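I opened this model to look up its sheet, its disulfide and its helix packing. My notes follow in the order I made them.

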Amino acid sequence: MNYLRLFIPLTFLLLNAPALRADVMYQCIDESGHKSFSNIRSAGKGARCTAMDLGPAAGPAARGAARTPTPATFPKVEEDTQKSRDMDRRRILEGELAAEQKNLEQAKKDLAEQEAVILPNERMQGGAISGGKVAERVQPFKDKVALHERNIEAIQKEISKLR
């Protein structure tokens, strides 16, 4: 009986003691299924903990280590070949830009047409216009215009990187 009184507090102390290794983390799942991660094994009631080995700790020396130089056998692209590839990429991007600008103009035209038309189901009793119904119908056209504008910005950004 005396041993049992000592066993419970000792077990509690061992479970709450700090981890001896900093490269071990515990994944604990409690009774309700919530996951928690800690470097200390949870002593909560019904918690199941499993150790996750993270490997050796990366100290300041590992983070600031010098980069390995490129090996001499690493394949290199000749300058003329790279310039040719860059020109091809520029030509492709400029073609995409022209197509996207054309799509934007068409989307703006479609939006203007939709904004000019009031459908019969968008009129309220007495002849007033339900702005909510019109806005709901026109929103996909506005979204399409915004999409093409974003695409144009992205393509222009890519082209500017080639200079």
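**Entry 1: the sheet**

I began with the pairing of β1 and β3: six bridges join these two strands, and they run antiparallel. The model is predicted, so I kept to its rule that local features need pLDDT of at least 70.

Next I looked up the other partner of β1. Four bridges join β1 to β2, again antiparallel. I then wrote down the strand order. It is β2-β1-β3, an open sheet of three strands with antiparallel pairing. β2 (35-38) and β3 are the edge strands, each pairing on one side only. I also noted the twist, which averages 25 degrees from one strand to the next.

**Entry 2: residue partners across the strands**

I went through the partners in β2. Y26 stands opposite S38. C28 stands opposite S36. I29 has K35 as its bridge partner.

Then I turned to the hairpin of β1 and β2. Five residues lie between its strands. In this hairpin I picked out G33, which takes a positive phi near 90 degrees.

**Entry 3: Q27**

I stopped at Q27, which sits in strand β1. Which residue of β3 stands opposite Q27? I found T50 there.

Is Q27 buried or exposed? I read a relative accessible area of 17% for Q27. The cut-off for buried is under 20%, so Q27 counts as buried.

I listed the contacts of Q27, leaving out residues up to four places away in sequence. Q27 touches K35, S36 and F37, and also R48, C49, T50 and M52. Among these, K35 and S36 also appear in my list of partners: K35 pairs with I29, and S36 stands opposite C28.

**Entry 4: the disulfide**

How many disulfides does a search of the whole structure find? I got one. It joins C28 to C49, with an S to S distance of 2.1 Å.

I checked where the two cysteines lie. C28 is in strand β1 (residues 24-29) and C49 is in strand β3 (residues 48-53). The pair is 21 residues apart and links distant parts of the chain.

I looked at the geometry too. The link of C28 and C49 is right-handed, with 110 degrees about the S-S bond.

Are the two cysteines buried or exposed? C28 has a relative accessible area of 2%, so I put C28 down as buried. C49 comes out at 15% relative accessibility, so C49 counts as buried as well.

**Entry 5: helix α3**

I moved on to helix α3, which covers residues 79-116 and has 38 residues. I wanted its span. From first C-alpha to last, α3 reaches 55 Å. That is close to the 56 Å expected at 1.5 Å a residue.

Which residues of α3 are buried? I listed R90, L93, L97, E100, L104, A107 and L111. R90 and E100 are on that list, so I marked them apart before going to the nonpolar core, whose definition admits Ala, Val, Leu, Ile, Met, Phe, Trp, Tyr and Cys.

**Entry 6: the core**

I looked up the largest nonpolar core, which has eleven residues. Its members are L93, L97, L104, A107, L111, V134, V138, V145, I152, I155 and I159. The elements that give two or more residues to this core are α3 and α4 (131-161). The largest share, six residues, comes from α4.

**Entry 7: L104**

I chose L104, in helix α3, for a last look. Its relative accessibility is 9%, so L104 counts as buried.

What does L104 contact, leaving aside its neighbours within four places in sequence? I found V145, H148, E149 and I152. Of these, V145 and I152 are members of the core, as is L104.

I then took one contact, H148, for a distance. L104 and H148 are 44 residues apart in sequence. Their C-alpha atoms are 5.4 Å apart in space.

Note on methods. Residues numbered from 1 in each chain as written. Predicted model: local features only at pLDDT ≥ 70, side-chain atom pairs only at ≥ 80, totals over all residues. Heavy atoms only, no water. Expected span 1.5 Å × (residues − 1). Buried < 20%, exposed > 50% of the residue type's maximum accessible area, 1.4 Å probe, protein only. Core = buried A, V, L, I, M, F, W, Y, C linked by side-chain atoms within 4.5 Å. Contact = heavy atoms within 4.5 Å. Disulfide = S-S within 2.5 Å. Pairing = 2+ DSSP bridges. Axes fitted to C-alpha atoms, helices over the stretch in contact; angles between N-to-C directions.
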